[in-house]
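Thank you for making time for this today. I would like to walk you through one structure, slowly, for those who have not seen it before.

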Amino acid sequence: MERKYDFGLIGLGVMGRNFILNVADNGFTAFGHDTDPEKVNALKGEGGDLTKVDASTSIKTFVNSLKQPRKIMLLVPAGKIVDTVIENLLPQIDRGDMIIDGGNSFFTDTDRREAHLETRGIFFFGAGVSGGAEGARKGPSIMPGGSKSAYKVVQPIFEAVAAKYQGEPCVAYLGPKSAGNYVKMVHNGIEYGLMQLTSEIYDLLQKGGNYNNDQLHHLFKKWNEGRLQSFLIEISSEIFLQKDDQGEGRLIDKILDKAKQKGTGKWTSQNAMDLGIPIPTIDMAVSMREISALKDERIKADGLYDRPQIESMAQEELEKLTESALYFAFIITYAQGLHQLSEASKDYAYQLNMAVIAKIWRAGCIIRAGLLADIATAFEADPAVPNLLLSPAFIEKVQGTVASARTLVAYAAKNGIPLPGLAASLTYFDAYTASRLPLNLIQAQRDYFGSHTYERLDKEGIFHTEW
Ligand code: 6PG
C-alpha cells in the first residue's frame with residue numbers, strides 16, 4: 001500500500017520548509033509541495049528520512065500522498081496566489097478535507113474563501129503564524145479560526161508544533177470565520193507599535209544621553225531581564241552588537257532609515273477606524289514608516305529648518321525614565337490592540353476570548369513579552385473588560401510609569417527629538433482617562449455651520465440652535 005502522510009504543506013519557502021520540518025520533528029509525517037524543484041529537493045535533503053517528510057512538484061502526487069481527511073496548509077504570500085492555489089487544489093481534493101491558510105491574508109478574503117469552500121464541503125481555516133523563520137522551525141504562535149468541529153482534526157498537530165509557555169502550547173481555536181487572521185492582523189499592528197516605540201527610545205538614548213552601541217546593548221540586555229522582557233527588546237540588544245561584515249563598525253549604523261511594510265499594520269489602523277476604536281500608537285507607527293520612506297524630502301527639509309541645540313541628560317536619569325516610559329507605552333499599545341479585538345469580536349461575532357489570545361502570545365510570536373502573562377491574568381479576572389486601562393490589575397502599573405512618559409515627551413519636544421509613539425500613547429492615556437473632553441465645542445461648531453444637532457449634559461434629547 002502506498003504510504004500516506006499526516007499533514008500537507010504548500011509553499012516550501014523558508015517558512016514553509018521550517019514549518020514542515022517542525023511537524024516531522026514532532027512525530028507526524030508530512031508531505032510538501034512547491035512548483036519549484038529546487039525547493040522540493042532542498043526539503044527532501046533536509047528532512048532526510050523520506051518516510052517522515054517527502055515532497056513533490058506535482059499537486060496530484062501531493063494530494064494523493066495525504067491521509068483523509070486531508071489537512072493542507074498553505075504558506076504562500078497573501079493575495080491572489082492564495083486563490084490560485086485553492087483553485088488548483090479544488091479538483092483534486094474531497095469533501096471533508098481542510099485547507100489552512102497560514103499567511104497574513106486580509107480577513108475579509110478569508111471570509112470570502114471560507115464561504116466559497118463551504119459550498120464545496122471543504123473546511124477553510126485562516127491561521128496566523130507568528131515567529132518568523134526560527135519560530136516556524138522551533139515553535140511559532142499559531143492563531144487559527146474557522147469551523148470549531150473541524151479544528152479538532154488538526155489540533156494535535158498544531159499543539160505539538162507550537163511554541164510552549166511553561167508547557168502550554170501557544171495555539172488555541174480562536175473563533176469562527178476569519179477570527180484567526182483578524183487576531184494575527186492586530187498582533188502585527190501591536191508589533192508595529194512596539195517596534196516604533198523601541199526605535200524612538202533608541203534615538204532618544206543616542207541623542208539625549210550619547211549612548212554608543214555597546215552601552216545600548218548592555219542597557220537593552222538589562223531591560224530584557226526586567227519588566228520589559230520581550231522578544232523585540234532581546235533582539236534589539238543583539239542588533240546593537242552586530243559587526244558590519246562589509247566594512248568598519250556596527251551594522252546598525254549602516255542600515256538605511258526607511259522602514260518597509262507589507263500592509264498588516266496599515267490594515268489594523270484602517271479597520272480600527274471602521275470599528276470606531278482609537279489605536280493612535282499603532283496609527284503613528286504606520287505613519288512613521290511612511291515618513292521614513294520620504295527620505296529625499298526629509299533630507300531637503302532638514303536643511304531648511306534650525307533645530308534646537310540638544311541639552312543632554314545624565315545617563316542614569318535617562319535610563320530610569322526610558323525604561324519606565326517604554327513600559328508605560330508597551331502597556332498602552334497592547335491595550336489599544338486588545339480594545340480593537342474586543343470590539344471586532346462583537347462586530348464580527350468572533351466570540352474571542354481575550355485571556356486565551358494573551359496566553360498564546362506569551363511565547364513563539366514577535367510580540368511575546370513578560371507583560372502578556374499579566375494581561376492574560378487581567379482578562380481571566382474580568383473577561384468583559386473592554387480596555388486594559390479599566391482593569392484594576394493595571395492601574396498601579398500605569399500610574400507608576402506615566403510620569404516618566406510626561407517628562408520624556410516634554411524633554412523631546414523641547415529638544416526637537418521626535419517621540420511620536422510615546423507622545424501618542426501619552427495623549428491617548430490622557431484623553432481616554434478624561435471624563436470631560438472639549439469636544440462639546442466640535443458639536444457646537446457642527447451645529448453652527450451645518451445644523452448637525454447636539455445633545456446636552458443636563459437634558460435628554462436632540463437639540464439645534466439658530467446660532
Ligand atoms: C510575525 C510577523 C510577520 C510579518 C513581518 C513583516 O508575526 O512573524 O508579524 O508575519 O510578516 O513582521 O511585516 P512588515 O513587512 O509589514 O513589517
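Let me begin with the ligand, which is surrounded by 13 residues, and the closest of these are Ser 130, Lys 184, Glu 191, Tyr 192 and Arg 289. Before I go further, please keep in mind that what you see is a predicted model. If we sort the shell around the ligand by residue type, we find two nonpolar, seven polar and four charged residues. As for where the shell comes from, helix α8 supplies its largest share, namely five residues.

Now to some individual contacts. Tyr 192 places a polar side-chain atom 2.5 Å from an oxygen atom of the ligand, and the side chain of Asn 188 has an N or O atom that is 2.9 Å from a ligand oxygen. With Lys 262 the contact comes from the backbone, where an N or O atom lies 2.8 Å from an oxygen atom of the ligand. On its own the ligand has 420 Å² of accessible area, and the protein covers 79% of that.

I would like to stay with Asn 188 for a moment, since there is a little more to say about that residue. Asn 188 belongs to helix α8, and it is counted as buried because its relative accessibility is 4%, where the limit for buried is under 20%. Besides its contact with the ligand, the side chain of Asn 188 makes a polar contact of 3.0 Å with the side chain of Thr 264.

Let me turn to the salt bridges. How many salt bridges does the count come to? The count comes to 26 salt bridges, and I will pick out some of them. The side chains of Glu 114 and Lys 177 meet in one, at 4.0 Å from N to O. This pair links distant parts of the chain, with Glu 114 in helix α5 and Lys 177 in the loop between β9 and α8, 63 residues apart. Glu 114 is buried at 12% relative accessibility, whereas Lys 177, at 44%, is partly exposed.

Another pair is Glu 323 and Arg 227, whose side chains form a salt bridge of 2.8 Å, again N to O. Glu 323 sits in helix α14, and Arg 227 sits in the loop between α9 and α10, so this salt bridge ties together parts that are 96 residues apart in sequence. Here Glu 323 counts as buried, with a relative accessibility of 16%, while Arg 227 counts as partly exposed, with 38%.

The next pair is Asp 257 and Lys 295, which meet through their side chains at 2.6 Å, N to O. Since Asp 257 is in the loop between α10 and α11 and Lys 295 is in helix α13, the pair ties together parts that lie 38 residues apart in sequence. Asp 257 is partly exposed at 37% relative accessibility, and Lys 295 is partly exposed as well, with a relative accessible area of 22%. There is also a network of salt bridges, in which Asp 83, Asp 101, Asp 109, Arg 112 and Arg 113 are linked.

Moving to the surface, we find a nonpolar patch formed by Leu 437, Leu 439 and Ile 442, which together have about 240 Å² of accessible area. Of these residues, let me take Ile 442, which is in helix α20, residues 439-450, and which is partly exposed at 39% relative accessible area.

Finally, a word about the backbone. Most peptide bonds are trans, and most residues other than glycine have a negative phi. Against that background, which residues are joined by a cis peptide bond? They are Gln 68 and Pro 69, with an omega of about -5 degrees, and Pro 69 lies in the loop between α3 and β4. Gln 166, which is not a glycine, has a positive phi of about 45 degrees. Its place is in the loop between β8 and β9, and with 70% relative accessibility Gln 166 counts as exposed. Thr 453 also has a positive phi, near 70 degrees, although it is a residue other than glycine. This residue is found in the segment after α20, and at 26% relative accessibility Thr 453 counts as partly exposed.

That brings me to the end of what I wanted to show, and I am happy to go back to any part of it.

Methods:
Residues numbered from 1 in each chain as written. Predicted model: local features only at pLDDT ≥ 70, side-chain atom pairs only at ≥ 80, totals over all residues. Heavy atoms only, no water. Patch = residues over 30% accessible without salt bridge, like charges linked within 9 Å, V, L, I, M, F, W, Y side chains within 5 Å. Areas by Shrake-Rupley, 256 points an atom, 1.4 Å probe, with all protein chains shown as cover. Helix = DSSP H or I, 4+ residues; strand = E, 2+ residues; numbered from the N terminus. Buried < 20%, exposed > 50% of the residue type's maximum accessible area, 1.4 Å probe, protein only. Near = heavy atom within 4 Å. Polar contact = N/O pair within 3.5 Å; in protein donor to acceptor, adjacent residues only side chain to side chain. Nonpolar A, V, L, I, M, F, W, Y, C, P; charged D, E, K, R; others polar.
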